[in-house]
Structures are given as C-alpha cells and as structure tokens.
Amino acid sequence: MDFWSLIGIWVAAFLTLSIYSVLYRDNPFYRFAEHLFVGVSVGYGIVLSIYQGFIPLAWKPFAAAITGESMSGFIKLIPICIGLLFFARLSPRHTWLIRYPIAILIGFGSGIAIPKVLRANIFEQTHGTIAPFAEIAAGTLSGWDIFEAVLIVVGVICTLTYFFFAVEHRGPVKWLSKVGIAFLMIGFGSAFGNTVMGRVALLIQRVDFLLNDWIGAILTIF
Amino acid sequence: MANIDRRIVFILVALAVIIPMLLSINLPVSVSEPTQKFYDYVEDLPAGSTIMIAFDYGPSSLAELNPMAKALLKQCFDRDIRVIGITLVVDAPTLASALIQEVAAEKGAVEGEDYVFLGFRPGAVQVILGMGTDIASVYDTDYNGTAIGEIPMMQNITNYDQIDLLVDFTSSDTVESWIVYANDEYNQKIAAGVTGVIIAQMFPYLQTGQLVGLLSGILGAAEYENLIGAPAKGMQWINVESFVHLLIVVLVVIGNISYFIHRTREE
Amino acid sequence: MVKTIQWMTICLVLCLSVGTVFSQGLAPPSNVTAVDTPNDDGSSITITWDAAAEGSGISGYQILRRIADGELEAVGDLLPAETAMYVDKAIEKGTAYVYIVRAVSETEATVDSEQTAPVEGKGEWFHTGKTPLFIAMLLFSAAIVWNIYSARSGKELFVRRIPGLEAVDEAIGRATEMGRSILYSTGLGGVSGVATIASMTILGQVARRTADYETALRVPCRDPIVLNVVREMVKTAYLEEGRPDAYNEDDIFFLTESQFAYAAGVEGMMLREKPAAIFLQGTFYAESLILAETGNSVGAIQIAGTDSEHQLPFFIAACDYTLIGEELYAASAYLSREPMLLGSLRGQDWGKLLIFAAIVLGVVLELSGVSWITTLLQRVS
Amino acid sequence: MKRQVPLVLCFVFGIVMILTQFSPHSFSQGVYKEVISWALIIGPFALVLATVTLIQTHTARIRRRTEHWQYSLVVFAGLIIMVLIGIPFGPQNTIFEWLYNNVQLPMDATTFSLLAFFIVSAAYRAFRARTFEASLLLITALIVMMGNVPVGDLIWNTVLFWTPWEDGTSWWRQWILDNPNLSARRGIILGVSLGVISQSIRIILGIERSYLGGGD
C-alpha cells in the first residue's frame, strides 16, 4: 500500500472515531470533526456546482456562441444574468433584487409540480386502488385477493378521513378516522422495521472499515 | 430498566456488531426464489455473452449494494461473460470504476476485452432510450476517454440486441425507468439488486416477469455469495445483521416486560 | 447500414420474383391506413391494418413506404403475423409518405396491400390524452381560489383540533422558564416546498411568542434562499410584536447544504446549547432520526411535523408530538388563522371528497363491468 | 418593481411550465427543456448567498470570541482547502479526490451510520404497548424487521413449525408491506399531494407571497 493511501486510512479512521465519540457525549474531537465536516462540505458543494452545473450548462454553450459555433448559446445569458442578481445580497440597498431569481425558481418549481403530482400521485394512486376490482368482476381473483383489494380501499378511505380538517371528528367520521389511525400506525411500524436493515448495514460497513482496513493494516505491519 | 441510559444501548449495539464480526459466526443462509432466478439466468448464459451493469447508487448505499455487485462481477469473470458498466447517478463513477477494477484484478480480467466501464451521462431516460438504438450515440468514449470504436469488446455491440441481460444496482427508482424504457420499448431482459428499503416496491415487477431476478440488500448479497460458492462480506454481514435485529427484539421485549411490571405495581 | 440495405434489396428482389409465382390464394392486407400519430411531436406515423385470420398462411408483414414519387423502401424488420399496427419513427417532419403493407407467407410468397393516401407527421399543440388531467387541474384550482375568496370575505371556517399544537405554547413557556433557547429547524427542503413554506408560517407564529417572552430562537438553515426568507419573516414578527430590539440576526444562520454535515452541525448545537424546546418542521430525509434522538437525549420537548412519509415513523418514535403529513399544512393555517390558508385547507377537503367519490364510484362501476373511471385515470405517456 | 415584477415572473414561469407539459409539440418541448436548464443554471448562484452568510456567521463568532470560537477556524480551513484545490484543478484531480475519499466520505458515512444506534435506542424507548395503536406499531415493526433477515424464518420454522405455512415471517412481512402499509401510504400521499397542488396554485396566482419576505 502506498504512503498516501495509508495516511488516508488513518485520517478516515480518526474522523470516523471522532464522529462516533458523540455517542458518549459532546467533546472536542466531535466538535473538531463536526466543524471540519461543515467547512469541507460547503467547499465541495461550491466546486461541484461550478464544474457540474455552471460550466457544462451555462459556460460551454455560451462560449460556443462567442466563438460562433452555435448562436443558440447566447440565450444562456438570460439565466446567467438572473443568477447574478443573487449578488445583490451583498449590497443592503439592493437586497430586494434577489427576489427576482427566487420568484423564478419558485414559479418554475410550482408549475412543474402541478401536472406531475396530479398525475403520478393522485390519478395513479386512485387508479391503483380501483384497478383490482376490474379483475374481481372478471372473476380472476381468489377469495384472498378480493379480501386484500377491499382492505386497501377501506384503508385508503379511512386514512383520508383522518386528514379531513374542515369537519369535527364526531360520530361516523370519528370511527372512520380511528380506523385510519390504526392503518397509519401499521404503516409507520412496517416502514420503521423495513428501514432497520439498511441502517444497520451502514454501521456494519463502518465497523468493517475500522476492524479490517485500519486495525487490520496495523496488524500486518507486525 | 424503563429508562436505562441510552449509552448502554449504544454499547450493546456496538458489541452486537463487533463480536459476530470478529468471531465470524455463520448462521445458515437459505436462498430465496428471486435470488435463485437471478443466479440461474446468469448461469445459463453461454460463455462470451454480454451483461450490462448499471451502478445506480452513490456513496450512501455503498454498504448495501457493493457486496452483491462484487459477487455478480466474480461470477461473470469466472464464466467469461463480458461486462459493460455504466451509471445514471452523478456521484457513482469513481466508486463503480474502483469496484470493477478491484474484482477484475482479482480474477485477471482484462479491461477492454472482458469488461469496460463507460461512466456517467446526464439525463437518465435519454441515456436508456439512446442506448436502445446505438450505445455509441450516448457514450462516444468510455470512462477513461478511450473512443468506443477502439475498444475490442465493443466491436460487435451496438445496442440492447447484443446485450443478454441488464442488471440495475440501485437505491432509488431507476429500476422503474429501466423497466419502462428498456424492457417495454426494447424488450431488454432486466434483473435488479436494490437496497432493503425499496425492496417491497419491486415485487410487482417480479410477478409480471418484468424483472427476471431480484437481490435484496445484503441478504441478497449473502445468498448470491452462497450460490457462487465464494463467501465474502455479504455472508459475514448478514450474520451480524441478524444479531442486531435479535438484539432489538430482545430489548423491546425487556422494555415491555419492565413497563408492565411497573404499571401493575403502580396500580 | 449499407449491408442491411443490400441484404434487404436482395430479399426484396427474391420475394418479388418468388412472390409473383406463389401469391395465388394469399389475401392482401385489408383496411390499411396511415395516420399522423396523435399526441406526439410529429416524429412518427402510425400504420394500421386488419390482422390476418388464423390459417390464412400469412407468416408476417413487411412495411414499405415511399416519398411522393420516390422509390419504395422497407421500414423496420419483418413483423410477426399477429401484428396489426406499426409506428414508423424514422420519418422526416413535413415530408409526405405513402405506405404499403406487404403480407409474407410461410413459403416466402408475398402480396401487397393497396397504397395509403399520403400522410405527413405533425406535432400537436395539445395532448388529448391528458384532457382529464387538464380538467381536473382547472376544477381543483377553481375550488381552491373560490374557497380562499369566500374565506377572505369574512366567513368563519372551522378547523378540527390538531393534537400537538396546544403543546406549542407549553414548549415556549417551558423554554422561557428554564432560561434556555428554542431550536427551530425548517428541514432540508427548498423554498418552493410546501412543507418548508408551512414550516416558515409556523415559525412566524412561534417567533411572535418568543418575541414577547424574550426567549432565544435559534434557526440553523440548510438552504440559502430559505435562510433569507426566514430572516425576513422572523424580523417582521418581532417588529409587529414591538420588540425589534430582541431580534438577533446571528441566531438565524446558514449551516451547510450537505445533508449529513447539516445533521452533524445541528446535533452539535443540541448537545452544547441544550435547548428546552425543539421544533422539527418541514421536509426531512434520513437525518430525521439523528436530530430527533439527540433532541430527546438532551431532554427537550420536541414537536415535529413533516410530509415526508418515510420519516414519519421516526418522528413518531422519538418526538413528543408529531404533525402527520397534511396536518403540517393544516397547522400553519390553524396557528396563523390566515383566511388564505384556511380557505385552501377547505379546498383540499373538497379534493379529498372528490377522490372519495372517484374511489367509491370506480369500485361500484368496476364491479358491474363498467370501467370508464379507470380508463380516465390511466397513465398517459 | 420590488413586489410586482417578482409576482409576474413567478406567474409567467409557472404557467409556461404547466402548459408545456400538456403540449407534445416540438416547440413546447424545446421551451420546457430550455427552462429546466435555466433553473439548473440559476440554482447554484444561490450558493453565493450561502457562502456569504456562512463567512459572516463565523467571522462574527471569531471576532466576538464566543464560546468554542476556535472551531470556526476549522470551518474556514476546510472550506478554503477544498475551494483552493477544487476550483483551479477541477474535481477530478488527485488531491481533491483524496480529500473527498478520506475526509468527506468517511464523515458522511459515519454520520449516516449513527442512525443504526439511534434506531435501536428509539425502538427500545418508543416501542411500548401503552395503547392499542402503539401495540400495532410495535408488532408490525418487529414482524417486518425479523422478516428481513434469515433468522426470522429460522425462528418461525422452529417455533411455529406446526402451522401450515413455511417461512411465515418473511411472508407476513411482505403481506403487511403490500396491504395495510400500502393503503396508509396512499392516504398520506393523496392528502399531501392535494396540499402541494393547492400551494403551487396559490404561488403561481400570487396569492401566497410569503417567499418574498416582509417589507415592501
């Protein structure tokens, strides 16, 4: 193993242990790692957004336009100028100018969301709830499948009832929403249980690094 | 008991990971049907076939997906199946390229003849669709910058027609894109290896046959290592995993017992 | 490419010569039509014909096309016998094509259909398959706007009790009593996220109360734009409560955009400052449990709320109160009593009623064999 | 200028993004793709805001010598090193990659893996059968968790071997995820989506203006 890889493993091991030390309590090692992490991650974000966002999306087409390769690159001047308005933050008198790019990003995000969310989340989820009943009508489902289809409809309706805000939850509404809460709890429980495996795998991988790559490497020296 | 210091719980978790890892205790691993199907499909391919592997996961899913990717690569290189690696995820190339090279070095596979890594191109759907007509239209060079036309193993490969299986290792919904655009449009056979959290969403595709096989998290890796007869991290980790899950069950049971004892006393 | 064309020409010549000999008894494909593919950008033409009946001896079809007075050329590969439709994607926009469907028999004999009328690919301005989607969007927009205006005209709107909101005052009061700070995270979402905007509205309400009590309110931000908006909102809240002097801009600050670096930073803050109350409201990802468990370990009252359904279980497990999904949006309306928010909450309830109706009606119709609701909701690509 | 122009911009961009999604014509699709690339270009500029406030916050801490102010120097050190190496030589250079692989990546992975500890301690503390609802949460969580590891079926086949089912734990896990869990998730998603759409409509129509902040 070359020198820099070895140093790398030691640095990584030190930082790994420093982060884990917070499980005991706050301490200077954790504070050091935490602040280093914040600084490095901001720096990494800046470099990446320049090289993977600004250069390929804005600079290259624009440069191609200047050299006369493709005139369409000049259109990138518009977003570049809008983006530059963020610098208005540096001058207290012109701070309000940054509302322009913010408004554009928000309008863009909202516009893109409406048809997408309506289709993917509302139309398709509703469709998925009803669809099995076509097969029931066709007689291709077993008794158990029918039970499942009905259960899902009941679950969706009761859960949605829980999210009714403009009516008081009394009488039948209360009962439906109570069943809804039961479904929610089963949903939360299963989602919790289903996540455990992945999270534990992350820890195993770190411990594997410490035991094999780091301590293992120390032992091979002797 | 009800309110023990959480640091005791932390120590127990750490021990439940470290001890089984050091002792390498082996619990039996049975092989589930989706994994068996995956394995059989690859095993039935004649030598000289080509598999495309999409490494669609970033650093945060490395722990769950690297072991299974490694097992598959070993099987391919052992059986003289050629591998084309690609990725649709921006922060994956460095890790994926390192992984392929590690296994290739171990198995003596030659870059450009037995395997090639093409790297990342933006626009997931366009990449998948573009490769349906011509891979070179999306990837003019490989990850190292070598022109596609100069890579020996790519000479007879133009599109999905020459690829016998596509494997997607993923932690997100890229499998759905592969199914919709590569399977539905181009009839490309697809198998997947996914993280534990999204496994439940994959079963419908398995039932419809849109996926020929499925590996789930490190359990899938363990099963696969078992099948190819090369126990590695997957087998080791799934054992550790079992101990931690058992620890949680034991802790929850103890917690509830002490809670009920406490409550009856109060009454 | 050149090879394929050569091969095809050879095949064509062979087929033609053999075909003329054996074509007796092979019926030509009938009802052949070629139309501009609907709802696309004009880059394809769809050809349809009646599929051959079984036992007709036809083993496949070959599509041929030609430009106005050009040569006939084969398009695509030989299609299997049961096909009755082909989409030609390799066309030039604005050029008219004439199509012929050639039936091929097992003995390689061929027979041609009549040629279609010339057709060219055109892009459509409106996707007719998305009409239900468009109408649903308009209806829902109308419902929202109508309810907002009726709420603004002074109509009293009821909002059901939301468990957890009563605890907001209790949490702030406790922090004041203990002389400790309040930590408020607006989550990882960007400024256009609903959860983030709802969270900022709630933060505005919390800020009004902390301004009165002079309790320190610390807000670490992950998104620079959110940071900017949050500062403005909190400042306004303090101004309106007549306590501009108590506002400290440094308490609302940018941490980092990186997910886990943000989590590590907030975790450190919690451990060092030991806030008495913690609000985690907005969009969260995997870091949710890191924040909630650490908050719990320092003994803070925690009120969480998120619409990220995957993270809800962890907030439920580790926080004192959790606003589930849409409850978060409702909470911002409940606390601020703003007609705009109350009105749209009611509009959303109408939307839910509509979904209810669609599900119940859809199930009943499906059971009686009618499937127009499912067709209406079907995915259009 | 200060309020009206942003509202108009927001409206125009919102409407364009909605309408182009309903129009398959190549012109609309061209506009759609172009505007998406604009958003990707504008986005990173917001980092200017971020970096400026980050520097302001930490210089203030250093100047006022607040508690633990020394660590603000560490933040600066990390930031400056990454930027000085990354910007001139690009993210693919060896030193930048070394820093990423041995500093950022391990801390990221380790912080993420803290979840393994927290998920256990949260489960231990919160999974108490206090009420009916809490019991449901607890039981489903345990079943799904055990269904995910081979030892779950091993236990089922040893303890519940007399039941007609084999490998029951993983079967129940899948059933719970496919049925009650699916309907609960659908309920949440439907409600949340209505909220998302209603807010998007408010924003585009200029009814919701909180993002502009206070002032005129």
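Me: What makes a stretch of chain A a helix or a strand, and how many of each are there?
Reply: Helices are DSSP runs of H or I with at least four residues, strands are runs of E with at least two, and both are numbered from the N terminus. By that rule chain A has seven helices and zero strands, and its pattern along the sequence reads α-α-α-α-α-α-α. This is a predicted model, in which local features need pLDDT of at least 70 and side-chain atom pairs count only at pLDDT 80 or more, while totals for chains, interfaces and linings use all residues. Residues are numbered from 1 along each chain as its sequence is written, and chains are lettered from A and ligands numbered from 1 in the order in which they are written.

Me: How does the radius of gyration of chain A stand against that of a compact globule?
Reply: The radius is taken over C-alpha atoms, and the globule rule is 2.2 Å times the number of residues to the power 0.38. For 222 residues the rule gives a value near 17 Å, but chain A has 28 Å. Along the principal axes, the C-alpha atoms of chain A fill a box of roughly 65 × 65 × 40 Å.

Me: Which share of the contacts in chain A joins residues 24 or more positions apart?
Reply: A contact requires C-beta atoms, placed from the backbone, within 7 Å. Of the contacts in chain A with a separation of 6 or more, 17% join residues 24 or more positions apart.

Me: Why is strand S10 of chain C called largely enclosed?
Reply: A residue is buried if 20 or more other C-beta atoms lie within 10 Å of its own, exposed if 12 or fewer, and partly exposed in between, with C-beta atoms placed from the backbone. Five of the five residues of S10(C), residues 217-221, are buried, so the rest of the structure largely encloses this strand. The burial covers both faces, with Leu217(C), Val219(C) and Cys221(C) on one side and Arg218(C) and Pro220(C) on the other.

Me: How do you know that S10(C) pairs with strand S11 of chain C?
Reply: Two strands pair if DSSP finds at least two bridges between them. S10(C) and S11(C), residues 252-254, have three bridges and run parallel, so the definition is met. One of the bridge partners is Ile252(C), for Val219(C). Strand S9(C), residues 182-187, is joined to S10(C) by two bridges, also in the parallel sense. There Ile182(C) stands opposite Leu217(C).

Me: What makes the crossover from S9(C) to S10(C) right-handed or left-handed?
Reply: With the strands pointing away from the viewer, a right-handed crossover runs clockwise from the first strand over the helix to the second. The path from S9(C) through helix H4(C), residues 194-213, to S10(C) is right-handed. S10(C), helix H5(C), residues 224-240, and S11(C) also make a right-handed β-α-β unit.

Me: Why are S11 and S14 of chain C said to stand at the edges of their sheet?
Reply: The open sheet has six strands in the order S11-S10-S9-S12-S13-S14 (chain C), paired in parallel. S11(C) and S14(C), residues 321-324, each have a single partner strand, so one side of each lacks a neighbour in the sheet. Neighbouring strands are turned by 15° on average, direction ignored.

Me: Which way does the pairing run in the sheet S1-S2-S5 of chain C?
Reply: This open sheet of three strands is antiparallel. Strand S2(C), residues 45-48, is joined to S5(C) by four bridges, and Thr48(C) stands opposite Met85(C).

Conventions. Contact = placed C-beta atoms within 7 Å. Axes fitted to C-alpha atoms, helices over the stretch in contact; angles between N-to-C directions.
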